[in-house]
Amino acid sequence: MSSETWNRVQREIETSVGANNYAAWIRPLRFERCEDRTLQLASPTDFIGRWVQQHFADAILRHASEAGIDAARLVCTAAPRAAASDASRVPSSAAAPAPRVRSEDGLDPRFTFDAFVVGKSNEMAHAAARRVASGGPVTFNPLFLHSGVGLGKTHLMQAIAWELKETRPEARVMYLSAEQFMYRFVQSLRDHTTMSFKALFRSVDVLLVDDVQFIAGKESTQEEFFHTFNALVDQGKQVVLSADRSPAEIGDIEERISSRLQSGLVIDLHPADYELRLGILQHRYALHRAEQPDFGIADGVMEFLASRISTSIRVLEGAMTRLFHYWGLVRREIRVEQIPDVLADLLRASERKLTIDEIMKRTCEHYNLRMSDMVSARRSRSVARPRQMAMYLAKKLTPRSYPEIGRKFGGKDHTTVLYAVRKIESLMQTDPQLAEDAQMLQRRLEG
Ligand code: ADP
Ligand code: MG
């Protein structure tokens, strides 16, 4: 078989898979070779390769055999468009970041369940997302995912959309950000097409709206969103939402809306723990190696990165991408000693210095107190307990001494702080609610 034969086969395949599928999946494939009854094609990305293999292998092999090619198996692997010799002549071309191809419905092909690494901190969110994606009866509505930035909300929501497209191709699945929702709503007001705007949004089977904190303070958008949301939920249609904080913490949003948002299942994704961070680095490393099998980093590099970068998964991914580009220039295995130089800025940025003020502020938010309560001398339990909690967290999460912490809390004696820390530690043994508060606050502060 030759490339010309493949071109002919491709056109035949188009007749059976349709123009859209052809353009998205079949046209980008290049013929590599056919040996031992194995047809080898090159795809522009790993994802396309896998997709083709899962969905179009039969069609491809059938048409190939009709063209007289004796192939029983299809292997479709990612091969960068530039030939290897090009890459070595112009090393910087290897350093260009891979473009993010978005499909027409705004979904990133990389955000699938396959590419999502599950760990303790995100297993609940992952399980709930899987449940929604299975397309069974709606059991919780809405599913509300929240977390700090870069912890996988968008990834999970799009994974749901991708999965549903496959398992329930007839279902109307719409994914968009709250910002796009507002933009389209405002546009419909301007163009006098609100009726069709409403009709469109009320006709979907699954609506996924990302970053809903964006509608806070935007009254008419909020109102319209609320109506859309209610209409869908009332019809038993699944709604999935995400935000950078819990529904209760989104300020400037009407009470009835916020309580409606909390009426389903609310799950937060916690900052990734060490194992998950390592897992994600290994996953990214494998992806880069699929592209460039020679890409090499020495033992200990991933462990080092996993222990030093804990802010967001996006930053972690960025670190691995940077190493990949760096390798593209030097073409030598990257050693641990080089990391502080190569990733200096990333490492600096992830050295978070938590302040006592931040701890007090967060604790106040959590218990609905004012900052002045933290530094006051009031001893009523509703104030004293949270204050002790903040002192405990300050001791645990910062390098400050007891006297330093005492000074920050309105000039209290170091023994007061010591007592507070011991008190909270012992209460945590007996009071599950308090233990949970402590853990949650700690996660928040560390994230
Ligand atoms: P968020 O929407 O919470 O800000 P994203 O979903 O955009 O975060 O995730 C940021 C980046 O980290 C994306 O590139 C995403 O693919 C990646 N990512 C997040 N969580 C995971 C995970 N568990 N496994 C693999 N990649 C992840
Ligand atoms: Mg996001």
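1. Let me start with Lys361: in this predicted model, Lys361 is partly exposed, at 47% relative accessibility. Its salt-bridge partner is Glu365, with N and O 3.5 Å apart. Glu365 counts as partly exposed too, at 44% relative accessibility. Both residues sit in helix H18, which spans residues 356–367. They are 4 residues apart, about one turn of the helix.

2. Next, have a look at Arg444 and Glu249, whose closest N and O atoms come to 3.0 Å in a salt bridge. This pair ties together distant parts of the chain, 195 residues apart. Arg444 belongs to helix H23 (residues 432–446), while Glu249 lies in the loop between strand S7 (238–243) and helix H12 (255–261). On accessibility, Arg444 has a relative value of 22% and is partly exposed. Glu249, at 35%, is partly exposed as well.

3. Is each partner in the bridge between Asp373 and Arg370 buried or exposed? Asp373 has a relative accessibility of 5%, so it counts as buried, given that the cut-off for buried is under 20%. Arg370 reaches 54% and therefore counts as exposed, the threshold there being over 50%. Their side chains meet at 3.7 Å, N to O.

4. You may also like the network made up of Lys198, Arg202 and Glu224, which are joined by salt bridges that share partners.

5. For the overall tally, how many salt bridges does the structure hold? The count is 23, and the pairs discussed above are among them, including Arg444 with Glu249 and Glu365 with Lys361.

Methods: Residues numbered from 1 in each chain as written. Chains lettered and ligands numbered in written order. Predicted model: local features only at pLDDT ≥ 70, side-chain atom pairs only at ≥ 80, totals over all residues. Heavy atoms only, no water. Salt bridge = Lys/Arg side-chain N within 4 Å of Asp/Glu carboxyl O. Helix = DSSP H or I, 4+ residues; strand = E, 2+ residues; numbered from the N terminus. Buried < 20%, exposed > 50% of the residue type's maximum accessible area, 1.4 Å probe, protein only.
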